[in-house]
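Student: I should like to work through this structure with some questions. May we begin by looking at it together?

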Amino acid sequence: MSPLLEVEDLHVEIPLPHGTLHAVRGVSLTADAGEAVGLVGESGSGKSLTLRALLGLLPQPARISSGRIVLDGVDVTALPARERRRRLTGAMGMVFQDSLTALNPVMRVGAQIAEAPRRKLGMSAAQAKARAVELMERVGIPDPERRYRAYPHELSGGMRQRICIAIALSGRPRLILADEPTTALDVTIQAQVLGVVESLRRAEGVGLILVSHDLAVVSETCRRIYVMYAGRVVESGPILDVLSAPRHPYSFALLRSVPDPDAPVHRLLTIPGQPPDLMETAAGCSFAPRCLFAADACREQDPPLVALPGDRATACLRHEEADRWSDLVAGLATVEEV
Amino acid sequence: MSEVLAVEGLVQQFEGRYGLADRIARRPRPALRAVDGVDLVLREGETLGLVGESGCGKSTLSRCVVGLYRPTAGVVRLAGEPIAGTPTRAQRRFVQMVFQDPYSSLNPRMTVGQILGELLRYHRIVPRDQVAKRSRELLDLVGLPYRALGQTPRQFSGGQRQRIGIARALALEPKVLIADEPVSALDVSVQANIINLLLDLKQTLGLSMIFVSHNIAVVRQVSDRTAVMYRGRIIETGPTEQVFLEPSHPYTRLLLGSVPRLVTHVAAGGAATAIPAEPVPPAALPTATAEVGGCRYRDRCPVALPACATEPGLRLISDDGEEGHLAACQHVPG
C-alpha cells in the first residue's frame with residue numbers, strides 16, 4: 001500500500017533583497033491513511049513552511065524550488081495549478097495556531113463551517129447547515145444550534161479552535177494538517193482540544209500531521225515523529241523509539257533541556273549557541289556548532305539522513321555512539337552561552 | 001527565614017468600558033477585579049512560583065508588587081515597609097522585574113551600555129567614573145560579551161535579549177526579582193539557559209524571586225514554594241513538592257493533570273497515547289467580571305457541594321513549620 005501522502009526532497013526558498021533564504025532544505029516525509037505524524041522543531045526550523053507548502057499556502061515570496069508532493073500515488077507538483085489545488089484541498093484540511101486570525105471576523109462561524117460542504121461536497125444550504133451543526137457537536141461545542149450564529153469574537157480561544165477543527169473536517173478530508181493548534185491555549189483547554197482531535201482521528205480514520213515545538217504534546221498525540229533542525233529532518237522514526245533512545249544529538253539535547261513536570265532535575269541540560277542563519281551555507285553539519293559530541297568530521301561534511309533498523313533515520317555521523325551520550329553528559333559541565 | 005516581601009489583602013480593580021450612553025442611562029461602572037484579595041509572603045532566598053492560566057491575575061499581581069499599578073486595596077510591604085502611593089527610589093531598587101517579551105521591553109534606540117548606564121547613574125549605584133566598569137561586571141554576570149555595550153537590542157537573539165533584561169534588573173542590586181514569564185517567548189532550546197542563569201544568580205547574589213509562569217513544569221523546576229491562582233485569588237499554596245505530589249484543590253488537580261507529558265514508553269494498556277478521549281468537562285468561561293458569589297471554581301468543579309456557595313478561605317492542610325500547605329476548598333477540613 002502506498003502512503004496517502006509522500007513528500008520527496010522538498011526545498012523551499014525565500015528570495016530576499018540581500019540574498020536567498022533556503023528555509024526548507026530537502027525534507028522527505030510520509031503519512032499513511034489514518035496515521036498521526038508529528039513534526040517537531042524550533043522557530044526557523046522550517047516545520048511550518050513545510051506544512052504550508054503541502055497545501056500551497058506559502059506566504060509571499062516563499063516558493064517551492066524543488067521536490068515532489070505525491071498524493072495517492074499522483075505527483076501533484078506536476079499537475080496544472082487548478083487541478084493541484086482541487087486535489088490538495090479535497091484531501092487535506094488545515095488548523096492554524098491563531099484561531100482569531102484564521103477565522104473570518106465578519107462571517108458567522110456556522111456559515112464558515114458550511115462553506116466547504118456547499119462548495120466542495122455540493123450540498124444544499126440546508127444539508128450544509130445540518131452538517132455544520134453536526135460537526136460543531138462532534139468537536140464538543142455545547143448548544144451548537146445557537147453557536148452556529150455566533151461571530152468568532154464572541155467565542156473563547158478554546159471554542160474558536162474547535163470551530164477551526166470543524167472547518168478543517170468539513171470537506172471530509174483524509175488528512176488534517178495542524179500548525180501548533182494548541183500553543184495559544186491554556187493547558188486545561190489544550191488538553192480538551194487535543195482530546196477532541198484524538199477522538200475524531202480515531203472515529204473518522206483521518207490522518208494528522210501535527211507541527212509543534214512541544215515534544216510532550218507530540219508524544220501524546222502521534223505515532224511517528226520527524227525532528228527538524230535548520231530546514232532539514234535530522235531524525236525520524238516511531239515516536240517511542242526516538243524519545244526513549246534518540247539517535248541525533250539535537251533530539252537528545254532537546255529532550256533533556258525541557259523540564260519534566262513529574263520529575264524536576266537538579267540542573268537542566270543546556271544547548272549552547274543558537275540556530276544557524278539560513279542565509280549562509282556553512283560546510284558540515286548545521287548542528288555541529290552547538291553539538292556536545294561534534295568531531296572534526298562533523299564540521300567538514302554534511303551528514304546525509306541514513307536509514308536505521310526499525311523504520312528510523314538519523315542525520316548524524318556519530319549516531320553509533322548514541323548509547324554512550326547519556327554517560328558523557330552526566331559528568332559534563334556545559335559551557336553556558338546563548 | 002525572614003520575610004522580604006509581603007502582600008496583604010491586595011485588590012486590583014480595573015474599570016471596563018463606560019461610554020456616554022452608559023452614563024446617560026446611569027448604569028453602574030463595570031469593574032473587573034483582576035486580583036481580588038491576595039495574601040502572600042516571600043522569604044529571604046526563596047523562589048515562589050506563581051502559576052495559573054491566562055486571566056487569573058498573576059501578571060497583575062506581580063505588577064502591583066513592583067509598583068507599576070497602584071492597588072485598589074491592600075498593602076505591599078517591602079522589608080516590612082509598606083509602599084505608600086508611588087514607591088520611593090529605595091523601594092524601586094528593592095524589587096526589580098524581568099519581563100516576558102525581550103523584544104518589546106528594551107528601548108530599541110538605546111545601546112546596552114546606555115540602558116545600563118542610565119540606571120546606574122540615576123540611582124547612584126556607583127560613582128560616575130565607575131559606571132562603565134560596573135556595566136561590564138553586569139555583562140559578566142549574565143554571560144554577555146563586553147562588545148554588547150555598544151550594540152542595540154535588535155542586534156541580539158531572543159535569549160541574549162532576555163540576558164540584557166536580566167542585567168538591567170540586576171543593575172539596581174535588588175533583593176527581590178520578579179520574573180514574569182521570563183522564558184515563554186524563547187525557543188525551547190534556549191529556555192534552559194535562562195532558567196539555569198536565573199537559578200545561578202539567585203544563588204550567588206542571595207536574591208529572593210517570584211517566578212510567574214503558566215508553564216507548570218518550569219515552575220516545579222525552579223520554585224521552593226508554589227502558589228496557584230484562579231480568577232484573582234490564590235486557591236492553593238505550599239511547598240512545591242507537596243503541591244505537586246498532593247494537590248488538594250480540584251482546580252490544581254485539573255491543572256496538573258492537563259500538562260502534556262512526554263510519553264517515552266508504551267503504557268500498560270498497550271496504547272502509546274496518554275490522552276483520554278475527553279479528559280475534562282467542557283469549561284464554562286472564567287469571567288472575572290461576573291460576581292459569581294461563593295467558590296470561584298464552583299461552576300467548573302466536578303465535586304462542588306451546596307456549601308460551596310460560600311467562598312472558602314485558605315485552610316491549612318499540613319504544617320511544615322514555616323507556612324505550610326493551604327488550599328481554599330470546602331473539601332479541605334477546616
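Tutor: Let us begin in chain A of this predicted model. Strands β1(A) and β4(A) run antiparallel and are joined by seven bridges.

Student: Which residue stands opposite L5(A) in β4(A)?

Tutor: L5(A) has its counterpart in β4(A), a strand joined to β1(A) in the antiparallel sense. The residue opposite L5(A) is L71(A).

Student: How many bridges join β1(A) to β2(A)?

Tutor: Strand β1(A) covers residues 5-16 and strand β2(A) covers residues 19-31. A hairpin of two residues leads from β1(A) to β2(A), and L10(A) stands opposite V27(A). The two strands run antiparallel, and the number of bridges between them is ten.

Student: Between which two elements of chain A does P61(A) lie?

Tutor: P61(A) is joined to Q60(A) by a cis peptide bond, with omega about -5 degrees. The loop that holds P61(A) lies between α1(A) and β4(A).

Student: Is D72(A) buried, partly exposed or exposed?

Tutor: D72(A) is in the loop between β4 and β5 of chain A, and its phi is near 55 degrees, a positive value in a residue other than glycine. A residue counts as buried with 20 or more other C-beta atoms within 10 Å, and as exposed with 12 or fewer. Because D72(A) has 14 such atoms within 10 Å, it is partly exposed.

Student: Is R231(B) buried or exposed?

Tutor: R231(B) is in the loop between β9 and β10 of chain B, and its phi is positive, about 45 degrees, although it is not a glycine. There are 23 other C-beta atoms within 10 Å of R231(B), so this residue is buried.

Student: Which strands stand at the edges of the open sheet in chain B?

Tutor: The sheet has eight strands in the order β6-β7-β8-β3-β9-β10-β12-β11 (chain B), with mixed pairing. Each edge strand has a single partner, so one side of it is left without a neighbour in the sheet. The edge strands are β6(B) and β11(B).

Student: What is the bridge partner of D180(B) in β8(B)?

Tutor: Strands β7(B), residues 176-180, and β8(B), residues 208-213, pair in the parallel sense over five bridges. In β8(B), the partner of D180(B) is V212(B).

Student: How far apart in space are I210(B) and T47(B), C-alpha to C-alpha?

Tutor: I210(B) is in strand β8 of chain B, and it is buried because 27 other C-beta atoms lie within 10 Å. Among the residues that I210(B) touches are L42(B), L48(B) and I178(B). In sequence, I210(B) and T47(B) are 163 residues apart, while their C-alpha atoms are separated in space by 5.7 Å.

Student: What span should helix α5(B) have at 1.5 Å a residue?

Tutor: Helix α5(B) has twelve residues, 131-142, and the expected span is 1.5 Å times one less than the number of residues. Its end C-alpha atoms are 17 Å apart, which agrees with the expected value of 16 Å.

Student: Why do the buried residues of α5(B) count as lying on the same side?

Tutor: An α-helix has 3.6 residues a turn, so residues three or four places apart point the same way. In α5(B) the buried residues are S135(B), L138(B), L139(B) and V142(B). On the other side of the helix, K133(B) and D140(B) are exposed. The buried residues share one side of α5(B) because the arc they cover around the axis is only 100 degrees.

Student: Which helices of chain B are included in what covers the buried residues of α5(B)?

Tutor: The residues to be covered are S135(B), L138(B), L139(B) and V142(B). What covers them includes α4(B), α6(B) and α7(B).

Student: Which element of chain A do the buried residues of α10(B) pack against?

Tutor: The buried residues of α10(B) include P250(B), Y251(B) and L254(B). They pack against α8, β9, β10 and α9 of chain B, together with one element of chain A, namely α8(A).

Student: How many residues does α8(A) give to the side of chain A that touches chain B?

Tutor: The contact takes 46 residues from chain A and 44 residues from chain B. On the side of chain A, these divide into 20 nonpolar, 15 polar and eleven charged residues. The largest share comes from α8(A), and it amounts to ten residues.

Conventions: Residues are numbered from 1 along each chain as its sequence is written. Chains are lettered from A and ligands numbered from 1 in the order in which they are written. This is a predicted model: local features need pLDDT of at least 70, side-chain atom pairs count only at pLDDT 80 or more; totals for chains, interfaces and linings use all residues. Two residues are in contact if their C-beta atoms, placed from the backbone, lie within 7 Å. Helices (H or I, at least four residues) and strands (E, at least two) are DSSP runs, numbered from the N terminus. Ala, Val, Leu, Ile, Met, Phe, Trp, Tyr, Cys and Pro count as nonpolar, Asp, Glu, Lys and Arg as charged, and the others, Gly among them, as polar. The arc is that of the directions from the helix axis to the C-beta atoms. Two strands pair if DSSP finds at least two bridges between them.
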